[in-house]
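This report walks through one structure step by step, from its domains to its cores, its sheet and its interface. Please keep the sequence and the model open while reading.

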Amino acid sequence: MSGDAPGRTLEALARVDGAGVGCDFWLGPEFGLKIGWLGRLGLVRPYRQRVPRCVEHRCHLAGICPHQRRFDVDRQGIAGLKGELTGLGRQVVRREVSLEEILLADPAVRVFLDRLEFGPVSQFVIRRWLLEAAWSEADPLAALTPPEAGWLLRLLTDLGYLAFDEDRVSRRR
Amino acid sequence: MAPASWEAFWAGRGPKGRPVYPDRPVLAAWVEAESGPSKIVLDAADTDGTPLGRACVFDQEWYPGCPGPVRFSHYFRTLQRALRGLKALGVEPPRLRLQVLKAVDAGRGRPYIVLLKFVISPEYAVWATHLEWVYRCPLQGFYRLFVGVPRAPTAPPGLQYTAGNAIHTGYRRAARAVVDGRPDEALTEYLLGIAEAWLADFPALVRHDPGQIQGWVRTIRMPWEHADRIITGCRARFGAGAAAVLHERPVFAPTRGLGGRVDRIIVSDNGIQVVEVKTSAGPGTSLDPLTGRQVPGGVQALAYHEAVRLHNGSPPETVIELFDGLQDVLVSLPDHPVVRKAGARPRQVDDRYLDLVAQNRNQAFVAAAGLLTGYDRQLLNQLPKEGHRLRGTGGDFAFQADSPPCSWCPAGQRGICEQNRADPTRRAYDFWLYIPPALFAYWAWFHRQLKAEERLEREHLFKLATVDPAVLEAQDATTLGGLRAGPVVDGRVRLERAERLETRLREDDPVLVTPAPYRPGHFTSVRGVIRRLETFHLEVDLEEPHLPPASEYRVDRAGLGERVDWEVEGLTDFLLNAMAAAGVRGRRVRESELPPLVRTILGREHLPNPTPAPYPLTPILDLSPSQLEALGCILGLRPGELLLVQGPPGTGKTALIAEAARQLFFRHLWDPIGAPDPRPVLILANTHRAANEVVLKLLRSCPELEPFIVRVGQVMGGMEPEVAACVLSERVNLRKIIRDGLDLESRLKDCLFRGAVTHRHAGIFVGTLAAAAAPELQGLVFRHVIVDEAGQATEPATLQALRRLPSGFDGTVVLVGDHCQLPPVVQVAGVPPVPPELGAHRGFRPDHSLKVSLFERLADLYPQRLIRLTEQYRMARPISDLVGETFYGGTLRPATAAVADQLPPAPFDRHVIWVLTDGVPGAAEQTAGSDETRSNPYEADLAARVVVRLARAGLPPGQVGVISPYRRQNTRIRQAIADLAPDLADRVRVDTVDRFQGGERDAIVISLTASNPDRNLGELLADWRRLNVAISRARRLVVIIGSRKTLTEPGPADTPEVRAAKSYYRRLWAGVQRLARAGSARVTGPEDL
């Protein structure tokens, strides 16, 4: 797990800012992100109702996107797939608030960091944390899907908090 | 009709011009030259072959002097289709068994026999549930019974269904307790029934979205809320006068070709009551026009009614018990909408009743047996155009449902039926004509063989019911008679007799236990599974722990074609998915438009060498270089690609599979979960033993994987506790929760929720090939599918693995096996010639059959995709060298020095010993004519001596194995050991090769058995792979006893297969000689023992 996950996240936020509306169907392929993930960090407000049609926000993929029909015609199962930046999100784009700060304040990230303080842990074990959390809705990890958890771990790694050695994850700072 | 009267009837000495109801069988051969468009002429013979004379069948049951035609009669048209179908299949002249229900001698002087009503081929068992399908829609019957169209994955059952099932199962157990004189245990039994139903349905229920489960509290409680009412009802209904209540009894009527499982038969002073229990009025119901009530199960109940009537001699009282969780409604069969619509009278057994039974049964037969179309593409395409009622077979609409069940018919769901009324946009026209020729030929060729096996299975019950058990025991060795039964304890009964049990029955075989004097198929038969099989006794786990008292019992192999059913469905699923993935409509699909994996299976893809990929993780297990190479190639596979891994004996296939699963799961650890996203890994094995071994290896090598492993299926006897803990219901302690019975609402809800979450997060599923359609796998697809023991699975069975790939077969497939070890076990019932569309260019040899696994065919076709493991962890070097040089081109070697340097056990100082019996007086084999009866007392004695020498020198008896190809020889060997050393009797495993595969011992003794001047090897040794498996079971010592000449020298009657085998055996002999010169082997005579 190595790369520039924070950089790509910032880039994604800037694109949402520029476009006005972000959508899972281009955020995913282009940046490996989902609106829901950014929403959980408070950076994006997902649309639960009155989700705008693609032509309404002049999506750059309008006319060629295979999913356009869902938003423009079917109007089924589209809650949470699009969203707009929140004030916090704009602050991050303008570098007034750091993405790192927001991450470290997230309860799920805190759980990861706290548990990893005790020593290296296998990724299979981290994955088990998600399973056990899913049994209890109160657990901060309960809301995380595996892809989202993987994204958070990549962010923490690229920010220097974690290190990966094959399947082992350890805390660096 | 008595035999004498029947003979007199045919001779013209019976009543003239007046129909009779003989209910007698005839063997009828079609005289086509004298038949016409409305007349069939038959030559009839008795079942012993004695000619009876000519008979005719006319349309509409006409005969000279008849009062009037029987409009809409099906008999003529259906028989005509059956005869034409037989002719198309090459049966010349077409001949059938007919059970004549009604006939007339319409002659004035000479006899003129006209058959009016009959059952066609009653030896072919049609199950009652299938009769329901045909009643609802004969075309559906064709698609499901012949083509084998499987259901599309459905939504998991609602909890309402499970609650109803739990009440039904609890009711059944409580009723049994009351009838057995244990009314105080009724409540306990009821609760156990609830547990049984929950455990059975749990794998399907966990497929629900965990979020939905939270709202199910009320429904969960329902079975417990109804307990008091159910128990009170049972006590009132079954208290006094009920002699016996028999549950879930298999019945078969050999004169009607009808069978099935009756929910309940109550035998009391008032007679016999047959009860068909239905827990909901779902699809398959009939609407009572008078009451407006929906009542299911009419045709099923009718079939059971008829079967029990024939066994009992008089009509039983038959009712449908409709239980919807709140109330119990009894509908008597004569009042059922199906029967009333038909105008039939089940109690009086009138003509309408006979026609209702016979029409559905005969139409089901011609559909299931493929007589309507065979494999003619034009006929297959033409049949749906006859309409859903299949006009060409005739028949009265009064004996069919009003409208077809298109919404739940598999053919409609899969979009291949052109009569689909539920969704006309999913009608497919000319589907059969659009299939590429090679794909159709592939499907048809395998399908035909599977159907031939199915036919043997369907006729098996008839054989059991009509042939003398002593004859069956001698001929087939899957019947055991004259057994005495002990008490039934915890559902298990011990059956024994003074005579040895020489049988082909094995542990885990399904059987029927029947009390004398009845035959299997009578409702006193009980199904069970053999759990233990010894020399004079066996132990059977009964499905219903109640055997009718009798002085003697018989045990017969049951086997109602379940294996063939799922193989046919898997094969047809492959065809349908291939066509759907091509994405072409309205024209013939080109082979090049099929997905790459399908083209690979069809043998026309050009495949490069596999490209290894780096491992994301350092392997945990200490893998050999060839295992590491194979691992890299598995990880390097791209979607749509296939790899073959050949694992000779002892080379660590299971370890490789476990490591591959771990690496692949890691690769997808952070992938999305939940439908429709694919899961990472599915591992399917040919046997439960192999599946359990994979789970154990995974758990022990990487305990961190434990939460993500699901062992598909239910907990079974013999399963290690660690493996059982991976079954979904065990993960959440469901059994214990139900048993405790405390705070059930919240605990069961929690159980379901945790089970659903666990299922959603699981990343490695392990099961058998038969489990590819198991409830917990329904609706799931996998990125990577690994098949273990692929060399022992038939090609259609291996195709099961492809059912679980994403759409377009867009996943990877790894077949792990060894085509130099035992092949698939099939009953070869006539192999059709390989069609020209298939052939050597696709890996099909002229002698190809179901016995050639997909693994073997593709290994020949794509050697570049075959990775062979070369380091083995079992055999000492000399044995390894012998096996490697003889069977593996010299590529096998010990993996470590510790393995290589294992010493032979005392008192032997060589690893390989061949005790030659050539020229020794009295060493020849004995046989009673058939291959099965071969034995060799001389060799048996020698084998016993070797065993005793090893044991006396300190080798634990459990580390010695004796192998011979023949049961009879094994029996002799066991007796010889017992005679020589009674303390060793039953402590040394003596068995056939087939039962030893997968096992190993320090010392293996092989009795070749075959020893004769003609050098006749016999059928079993004609397959050289048997000897490979036998020798490679040994770690430190292998002793071969037998005639070198018989094994290696040409014989006058040698077939090509035998000649090929002997060339391997000559190589084996040369290897032994080479080892002898090197001091690792000895060739000796019997005197040295």
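The C-alpha centres of domain 3 of chain B and domain 4 of chain B lie 35 Å apart. This value, like every other one here, was computed from a predicted model. The domain assignment of chain B, whose bounds are listed in the table, gives these two domains together with three others.

| Domain of chain B | Residues |
|---|---|
| domain 1 | 1-120 |
| domain 2 | 155-240 |
| domain 3 | 467-560 |
| domain 4 | 587-868 |
| domain 5 | 872-1088 |

**Nonpolar cores**

The largest nonpolar core holds 293 residues, and those with the most contacts inside it are B:V114, B:L115, B:A174, B:A661, B:I683, B:V694 and B:I764. Helix α16 of chain B, which covers residues 437-466, gives the largest share of this core, namely 13 residues. If residues up to four places away in sequence are left out, B:L115 touches B:A55, B:V57, B:L98, B:V100 and B:A103. A second core, separate from the one just described, has 65 residues, including B:F887, B:A940, B:A951 and B:W1024.

**A helix of chain B**

Helix α5 of chain B runs over residues 159-179, and because each residue should add 1.5 Å, its 21 residues should span 30 Å, which agrees with the 30 Å between its end C-alpha atoms. Is this helix mostly buried or exposed? Of the 21 residues of α5(B), 19 are buried, so the helix is largely enclosed by the rest of the structure. After α5(B) comes B:G181, a residue whose phi is positive, near 80°.

**A sheet in chain A**

Chain A contains an open sheet of three strands in the order β1-β3-β2, with antiparallel pairing. The strands β1 (22-23) and β2 (44-46) of chain A stand at the edges and have a single partner strand each, so one side of each lacks a neighbour in the sheet. Between β2(A) and strand β3 of chain A, which covers residues 82-85, there are three bridges, and the two strands run antiparallel. Within this pairing, A:V44 has A:L85 in β3(A) as its bridge partner.

**Where the chains meet**

How many residues of chain A are in contact with chain B? There are 16 of them, and they meet 14 residues of chain B. On the chain A side, the elements that give two or more residues are α8 (123-134) and α9 (146-158), and the largest share, seven residues, comes from α8(A). Sorted by class, this side of chain A has eight nonpolar, four polar and four charged residues.

How values were computed:
Residues are numbered from 1 along each chain as its sequence is written. Chains are lettered from A and ligands numbered from 1 in the order in which they are written. This is a predicted model: local features need pLDDT of at least 70, side-chain atom pairs count only at pLDDT 80 or more; totals for chains, interfaces and linings use all residues. Two residues are in contact if their C-beta atoms, placed from the backbone, lie within 7 Å. Helices (H or I, at least four residues) and strands (E, at least two) are DSSP runs, numbered from the N terminus. Ala, Val, Leu, Ile, Met, Phe, Trp, Tyr, Cys and Pro count as nonpolar, Asp, Glu, Lys and Arg as charged, and the others, Gly among them, as polar. The expected span of a helix is 1.5 Å times one less than its number of residues. A residue is buried if 20 or more other C-beta atoms lie within 10 Å of its own, exposed if 12 or fewer, and partly exposed in between; C-beta atoms are placed from the backbone. A nonpolar core is a set of buried Ala, Val, Leu, Ile, Met, Phe, Trp, Tyr and Cys residues joined through C-beta atoms within 7 Å. Domain bounds come from an automatic or database domain assignment. Two strands pair if DSSP finds at least two bridges between them.
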